[in-house]
Structures are given as C-alpha cells and as structure tokens.
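Reader: Please show me the model, and then explain the labels attached to it.

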Amino acid sequence: MRVEASSKRILTGRLEKGADLLEALTGICREAGITLGRVEAIGAIERGRIGYYDQDAREYVFTDVPGAHEIVSLAGNVSIKDGESFVHVHVALAGVDGRVVGGHLAPGSVVFACEYVIQELDGPPLARARDEATGLPLWKG
Ligand code: ZN
C-alpha cells in the first residue's frame with residue numbers, strides 16, 4: 001500500500017534534559033495535532049531502551065542501553081493508532097567507543113540533549129491495525 005502526501009508544517013526544536021525521548025516526541029505531535037508525518041532527531045541520551053521484534057515469537061524483546069550515548073540517527077514517522085497520533089521511531093545509539101546499537105525506540109530513553117525536526121504531511125490518514133502476516137500494528141491499505 002502507499003499514499004501520496006505533500007509537506008505541511010515543519011516543527012523544529014529542542015527537548016528538555018530528563019524528558020522521555022519517545023513520550024516527548026509523541027507529546028509534541030499530539031499537542032500540534034499532527035497525525036501524518038516524519039520525525040528525525042540527533043542528540044544524546046543519558047540512558048536508552050530499545051526493542052527488537054522477534055519475528056518467530058511475534059513479540060518485542062526490549063533491551064536497556066545503560067549510560068550516555070549519542071543519538072547518531074533517529075528516524076521515524078507519525079500516523080494514527082487507536083485514534084491518536086502515534087510516533088514510530090528507530091534509533092542508532094553510539095557509546096564512548098563509537099560502537100552503535102540500535103532498534104525500535106521504547107519508552108524509557110532519557111534525553112540529555114536532543115534537536116528534532118517533525119515534518120507534518122498532508123495526505124489521507126494512515127491508521128495502524130493488526131497485520132495478520134506479521135503480528136504487528138501496520139498501516140492498513
Ligand atoms: Zn519499530
């Protein structure tokens with residue numbers, strides 16, 4: 001499935017130290033009424049929590065990423081889940097040795113500093129619903 005969309009507003013700003021990274025991005029989208037868009041950010045976290053989807057077990061396995069890490073890349077999108085703005089983000093996080101770990105951003109990642117860009121898109125709404133083939137809440141076509 002695919003939809004055609006065009007650009008609307010672009011919001012950019014900085015997240016507060018100590019904020020939950022995923023909850024802060026979700027809060028910005030809900031406050032601004034953004035239900036379709038893309039998200040990117042760079043910065044650093046005090047500690048992280050990421051998920052990996054076990055395709056056989058059909059469930060997320062979550063891993064704590066202790067200690068300070070750079071947010072090398074944060075990329076994701078905004079759509080609708082359960083009638084609300086839903087932010088789906090993946091991150092690449094680098095430790096002091098430059099090694100990167102990454103995955104599906106989970107609640108529990110604490111911001112040290114973070115600069116974000118959220119681009120609102122104008123197009124048909126994308127809502128998530130359970131996909132039988134994967135067990136994931138994917139965009140329904
Ligand atoms: Zn994901």
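The exchange below takes up some labels in turn.

Author: This is a predicted model, in which local features need pLDDT of at least 70 and side-chain atom pairs count only at pLDDT 80 or more, while totals for chains, interfaces and linings use all residues. Residues are numbered from 1 along each chain as its sequence is written, and side-chain values use heavy atoms, with hydrogens and water left out.

Reader: Why is Tyr116 called buried or exposed?

Author: Buried means under 20% relative accessible area, exposed over 50%, and partly exposed in between (1.4 Å probe, protein chains only). Tyr116 has 10% relative accessibility, so Tyr116 counts as buried.

Reader: And what makes Val3 buried, exposed or partly exposed?

Author: Val3 has 36% relative accessibility and therefore counts as partly exposed.

Reader: Which residues are in contact with Tyr116, leaving aside its neighbours within four places in sequence?

Author: Contact means heavy atoms within 4.5 Å. Those in contact with Tyr116 include Leu11, Gly13, Leu25 and Glu40. Gly13 is 103 residues from Tyr116 in sequence, but their C-alpha atoms are 5.6 Å apart.

Reader: How does the reach of helix 1 (residues 21-32) compare with the expected span?

Author: Helices are DSSP runs of H or I with at least four residues, strands are runs of E with at least two, and both are numbered from the N terminus. The expected span is 1.5 Å times one less than the number of residues. Helix 1 has 12 residues and reaches 17 Å from first C-alpha to last, close to the 16 Å expected.

Reader: Which residues of helix 1 are buried?

Author: Among them are Leu21, Leu25 and Cys29. The buried residues of helix 1 pack against several strands, including strand 1 and strand 7.
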